[in-house]
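Here are a few friendly notes to read alongside the model. Please keep the structure open and follow the points one by one.

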Amino acid sequence: MSDPILTADKLTVRYGRRTALDGVSATFAAGEAVVIAGSNGAGKSTLLRCLGGAIIPDLGRVVPGPGLDRARIGFVSDRLSLYENWTLREAWRFHRKEFGIAAAGRPPIEGFTLDEGRRIRHLSVGERTLFHLSLILAQRPAVLLIDEVVHGLDPFLRERFLETAIGAMDELKTAVIMVNHILSDTAEIPERVLIMDGGQVILDERREDLMAKVKKVAGDAAFPPSLPVLFETASEYRRDRYIYPFREEWRRGSGAAFTDIGLDEIVKAFIGGAYVQKRAR
Amino acid sequence: MFRKELADVLKQTACFLAVVAVLPIPIILFKGAPGPYRAVLAPLLEMGLVFWSLFLGASFLGREQGQRAVEYALSLPHSRLGLLIRLAGPRLLVELAFLLAGVIAFETGILSDSDILPAGPIAGIGLQLFSSPCPCPSSSRTSSGSAWSRSWAGMPQAWPF
């Protein structure tokens, strides 16, 4: 891993009696793309808000990498928080001033233009998301935090959004940390996957390693009981078992047919496994 | 941010003063006023000082909440203390100017003291009411349960940036 740009050091956040983050530690490198997935209430958004400075943890701290100042952290929250009564022009002027941005115009997003006189509250979710992203990109962010906003976009705008984020990664070596649990169209982006449950990081793996370690056995094929089953789904028509951590030597002699699966399905298996464990407790 | 907040608070204060200035007219016209315009205005202004102080304190971060911009404001590149100064500073300035002008107006006889209270204690009450809603931002890091005060907990320590 190259130099860390942002480190979460044993972050604990409590909302009353509920612990949203429970001693979470993670390090993010410059230019790295990380996806954070997990069940609802796992602590993903809280972690992102801590990294973005919107929440101060009860315990632990966020440690910036060398030379990183807060103006170069871009945070697109799932609430798409901006001053709603302002026009786009006013919002841009304010943002530029607060973040010390020298450029005269917002970076354009290909295929996306808006009347600067419109008020933010009149924008659709998609327009608002892309406008927010264009504000953030003007900061030339070293870290881009994106919290589950991709799902609100239509396929065309989603593609624009992702291409723009990837473009920033290439041009600025921006670390992109994205909370997302639908990975069907973003599966190729992350280099690393963090899965959270119960306010903790239960998995932190490089994507290739993770994909090599999780396999599926479909159907009722013979199955050695010693294999570690992460999650199992069974219905009248179908039975799937997800194995983690998988070892290549099990392909020989176990009698089961192990198939490779996509990141989307891997994340689903981990989340499903976490629910099963919760129910068992 | 400071200037924008100041402009907003000044605008609100001007609106409030305009309402207080107009209020004696219907009272004089329809109720049979107990005295001249200034005599009707004085108690209204005194009460106004108190209520306006409470409003100014309580509406701290009101624009951010009303426009769903709290998270955006918190992610601006300022420490919590810096943000507090930018947002609460203009309010405190306007509050002090407002109370000072009120005390001067009453003490110099531009407006006569009403029967409610002399201007000095009224200003004191006003300042207390202004500051009473403010402890939430400076609450300790363990005292709160809500996401809202979580955003401010540990404010003096701020973020490391």
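**Notes on the sheet, the domains and a helix pair**

1. Let us begin with a sheet in chain A. Its 4 strands follow the order β11-β12-β10-β13, the sheet is open, and the pairing is antiparallel. Please bear in mind throughout that this is a predicted model.

2. Which strands stand at the edges of this sheet? They are β11 (229-234) and β13 (258-260) of chain A. Each has a single partner strand, so one side of each lacks a neighbour in the sheet. Ignoring direction, neighbouring strands here are turned by 30° against each other on average.

3. For a closer look at one pairing, take strand β10 (residues 215-218) and strand β12 (residues 239-243) of chain A, which are antiparallel and joined by 4 bridges. To find one of these on screen, start from V217(A): its bridge partner in β12(A) is R241(A).

4. The sheet also has a helix packed on it. This is helix α6 (residues 263-280) of chain A, which touches β11 and β12 of chain A. The direction of α6 makes about 90° with that of β11(A).

5. Now step back to the whole of chain A. The domain assignment splits chain A into domain 1 (4-206) and domain 2 (207-280). Taken over C-alpha atoms, the centres of domain 1 and domain 2 of chain A are 31 Å apart.

6. How many residues does each domain of chain A bring to the contact? Domain 1 of chain A gives 17 residues and domain 2 of chain A gives 12 residues. On the domain 1 side, β3 (33-38), β8 (192-197) and β9 (200-206) of chain A supply at least two residues each. That side of domain 1 of chain A is made up of 8 nonpolar, 4 polar and 5 charged residues.

7. Chain B offers a helix pair to look at. Two packed helices are described by the angle between their axes and the distance between the axes. For helix α2 (residues 24-31) and helix α3 (residues 37-58) of chain B, the axes come within 9 Å and cross at roughly 125°. The two helices, α2(B) and α3(B), are therefore oblique to each other, and α2(B) passes α3(B) in a right-handed crossing.

8. Which residues meet where these helices pack? From α2(B) come P24(B), I27(B) and I28(B), while α3(B) brings Y37(B), V40(B), L41(B) and L44(B). The contact of α2(B) with α3(B) counts 7 nonpolar residues, no polar and no charged.

How values were computed: Residues are numbered from 1 along each chain as its sequence is written. Chains are lettered from A and ligands numbered from 1 in the order in which they are written. This is a predicted model: local features need pLDDT of at least 70, side-chain atom pairs count only at pLDDT 80 or more; totals for chains, interfaces and linings use all residues. Domain bounds come from an automatic or database domain assignment. Two residues are in contact if their C-beta atoms, placed from the backbone, lie within 7 Å. Ala, Val, Leu, Ile, Met, Phe, Trp, Tyr, Cys and Pro count as nonpolar, Asp, Glu, Lys and Arg as charged, and the others, Gly among them, as polar. Axes are lines fitted to C-alpha atoms, for helices over the stretch in contact, and angles run from 0 to 180 degrees between N-to-C directions. Angles under 35 degrees count as roughly parallel, over 145 as roughly antiparallel, 65 to 115 as roughly perpendicular and the rest as oblique. A crossing is left-handed if the near helix is turned anticlockwise from the far one by less than a right angle, and right-handed if clockwise. Two strands pair if DSSP finds at least two bridges between them.
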